[in-house]
Amino acid sequence: MTVDKAAAEPARTSLRTQIIVRGALRSLVIAALLCVASYYHVAGMLEEGVIEQLEQFIAERGRRDSEQFLQTERHHQAVEQALLEQLQAVPLATGTALFDDYFEPWPDGTWRTRRGWYDGLVFKDGLQHRGFTGFIGRDVELTPELRHRAALMAGLLDWYGSAWTATGQYINYFLSAPENLLLGEFIGVPYLHQVPADTHFPDEIFVASANETRNPQRQTVWTHFYFDATAKMWMLSSLKPVYLGDRLVATLGQDILLDEFVQRTLKDALDGTENLAFAADGSLVAYEPLLAEVQAAGGALKIDGARPQLQRIFTAVTGQSRRSGVVETEDAFLAYTRIDGPDWYLVNVYPKQLLQNKAMAAATVILGIALLGLLSEFAVLWLLIARYVLAPLRRFIRVTEKVGGEGLSALQGSELPRRRDEFGLLAKRFRETASELEASRQALLAANRDLDAQVAARTEALTQANQRLAMLAITDELSGLHNRRQFLHVVPLEVARLVRLQATPLWATLAILDIDHFKLINDCYGHGVGDQAIRQLGACLAGLHRRAGDHCFRLGGEEFALFASGDQVDGAKVEAFAGHVLEAVRNLVIEVPEQGATCRLTVSVGIACVQAGADLSLERLYKLADDALYLAKQNGRDQARIVLIRGSGDQAKTLELEVR
Ligand SMILES: Nc1nc2c(ncn2[C@@H]2O[C@H](COP(=O)(O)OP(=O)(O)OP(=O)(O)O)[C@@H](O)[C@H]2O)c(=O)[nH]1
């Protein structure tokens, strides 16, 4: 068992760091996507809210700003109604008499109101009156009707004028008649006592604007607004012609202070937005960046192509059919409302960038909260991983490191967590696997042992088979003697050994035996008997030839060889040996089972006995023996011919013997 190197090494990177870092990166991407989604969601919600807010704001502003002008129109209607009623109801004489209470002739030929009506006086009614002046041109014919009307107009001005101017919204209030009569309360100024005698008011714009030629509908007329350089105030005039039947009897007029309106327009805007006001004919009324130019143009600064942004606003707003609402342009929401009376538009420009900034701020807050949440979540995760993942993992690592020293049994140790979660399951699997591995190991060891035994047995069998094969290779199967192969192997070795040991004269003896007329045995009794004869002859020769260093061979067919070595060799001994062989063969009884008989055999033998010398060799030995055998056969068989050579070379002495 080897220890896994990777397990024993400390981890290069922390699992926890990897999880946290990768988790954090993915969460950051999600948070960024959430932030983008939040941005668009918030922007959408803000847009709805802003449009609603703008609609409310502008509608309220429209109502409030219109109210001032509608109030003026109501004033005009009230005075008109009162004048017409009085003209019809008050007897001419009464009015005529009153005329002198109000007017007095001036040396310049004009009639002017008595000074007390401006400076202050207590009238017949017992009340204090003051504040207004009046003027009647010097060429005017003072008919009773005019005197009656002038008196009634003076009375109305006396009654209502100071009340109206006291509201602070009007700088003056005046009533004129087409005969060149003008009555008016001009705050702080006895204006009509100061004008020249030849003044002809019906030609003045603030009276003539309401004449029938310019105002055929006989409606209230609103002049252009203008900046009064003397008073340093923004103003607007409102004129209302009063007709008795078809006859113009008076014109009612007011100069309205617009300072408050202009200031409100400039200042009273939602944060980050700006207001502007313009007339339906395109005259700019109030717009902070162009205030000086509006003043310089006396209220007649037109919105045109020179100011494309304003022109876009003007076109977008005046194209709307609703009285107030919100129009969206490429870069802004335009909250617009019409203002009754002078027919103006008030517009609040809400840049979309403002909305985007708010959405971005909201999205940033959401992102911040999300990041904070993620941070705390990952901090908790950091601790949880340490406790529930890293700690059990480290126990696993320790246990696997122990495997090297203690073996698989370490895996079954109690250090592995016993829990109900995946780690518990893993530990269980570890223990089970350890048991299985141990069982497998034991089985493997047993199998190895078994295999070793089998290999040993097979090796032994193989060795024996090889030995058998080796034996078979050198053994003649039929006789059990060594064969010709072994003869050619052994005899040269023996001869060489004898040649080496020349110091003590040694002898090599080779006898070659050949069965006589063996063919006849085969022919007469069959090959089986022939084989049996060879077997018995082999056993016989092996029995005769038992000394160490003696060898017995079947050279093939019915031919056998005997080889021996020795130091005490002479003719008698060899003759005795040959006789012994011949006799032993003659005594062999070969069974012929098929015929229930026996047969006998003889052999012819050629023997060469040579004293070892330099010229000794197997070839020489064999030739000598074979030649001797030939002689034995030639000489009648069943005998031995011996060639005995003592010495070697020129000193060699040959002795030939015959044994029967
Ligand atoms: N049964 C049997 N016969 C064999 C075997 N080997 C050789 N022979 C026979 O031995 C006979 C040898 O015959 P020959 O060479 O004529 O010799 P011979 O008949 O013994 O006559 P001489 O040697 O001249 O006495 C042949 O008929 C062979 O078939 C063997 O292993 N078994």
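## Nonpolar surface patch

Helices here are DSSP runs of H or I with at least four residues, strands are runs of E with at least two, and both are numbered from the N terminus. The model is predicted.

In this model, Val21, Leu25, Leu28 and Leu371 form a nonpolar patch on the surface. Together these residues have about 330 Å² of accessible area. Helix H2, spanning residues 15–89, gives the largest share of the patch, with three residues. Leu28 is found in helix H2. Its relative accessibility is 42%, so Leu28 counts as partly exposed.

## A hairpin of two strands

Strand E14 covers residues 324–328, and strand E15 covers residues 332–339. The two run antiparallel and are joined by five bridges. Three residues lie between E14 and E15, and the pair forms a hairpin. Within this pairing, Val327 stands opposite Leu334 in E15.

In a regular strand, side chains alternate between the two faces of the sheet.

## Salt bridges along and across the chain

Side chains of opposite charge can pair when their charged atoms come close. With a cut-off of 4 Å between a side-chain nitrogen of Lys or Arg and a carboxyl oxygen of Asp or Glu, the count comes to 41 salt bridges. Some of them join into a network, which links Arg61, Arg64, Asp65, Glu260, Arg264 and Asp268.

Lys428 forms a salt bridge with Glu432, and the closest N and O atoms are 3.6 Å apart. Both residues sit in helix H12 (residues 422–474), four residues apart, so about one helical turn separates them. Lys428 is partly exposed, because its relative accessibility is 42%. Glu432 is partly exposed as well, at 32% relative accessible area.

A second pair is Arg554 and Asp476, with the closest N and O atoms 3.1 Å apart. This salt bridge links distant parts of the chain. Arg554 is in strand E18 (residues 551–556), while Asp476 is in the loop between H12 and helix H13 (484–500). The two residues are 78 residues apart. Arg554 and Asp476 are both buried.

A third pair is Arg586 and Asp638, with the closest N and O atoms 2.9 Å apart. Arg586 lies in helix H16 (residues 571–586), and Asp638 lies in the loop between helix H17 (618–634) and strand E23 (640–646), so the bridge ties together parts 52 residues apart in sequence. Arg586 has 21% relative accessibility and counts as partly exposed. Asp638 is partly exposed too, with a relative accessible area of 24%.

## Surroundings of the ligand

The ligand is surrounded by 17 residues. The closest are His517, Phe518, Asn522, Arg554 and Arg637. Arg554 thus appears twice in this report: next to the ligand and in the salt bridge with Asp476.

Several contacts involve oxygen atoms of the ligand. One oxygen atom lies 3.0 Å from a backbone N or O atom of Ile515. A polar backbone atom of Lys519 is also 3.0 Å from an oxygen atom of the ligand. For Lys633, a polar side-chain atom lies 2.9 Å from a ligand oxygen atom. Taken alone, the ligand exposes 660 Å², and the protein buries 68% of that. Strand E17 (507–515), helix H14 (518–525) and helix H15 (527–544) are the elements that give two or more residues to the shell around the ligand. H15 provides the largest share of this shell, four residues.

How values were computed. Residues are numbered from 1 along each chain as its sequence is written. This is a predicted model: local features need pLDDT of at least 70, side-chain atom pairs count only at pLDDT 80 or more; totals for chains, interfaces and linings use all residues. Side-chain values use heavy atoms; hydrogens and water are left out. Two strands pair if DSSP finds at least two bridges between them. Buried means under 20% relative accessible area, exposed over 50%, partly exposed in between (1.4 Å probe, protein chains only). Patches are made of residues with over 30% relative accessible area and no salt bridge: like charges are joined within 9 Å, nonpolar side chains (Val, Leu, Ile, Met, Phe, Trp, Tyr) within 5 Å. Accessible areas come from the Shrake-Rupley method with a 1.4 Å probe; for residues, only the protein chains shown count as cover. A residue is near a molecule or strand if one of its heavy atoms lies within 4 Å of it. A polar contact is a pair of N or O atoms within 3.5 Å; within protein, one must be able to donate a hydrogen and the other to accept it, and residues adjacent in sequence count only if both atoms are side-chain atoms.
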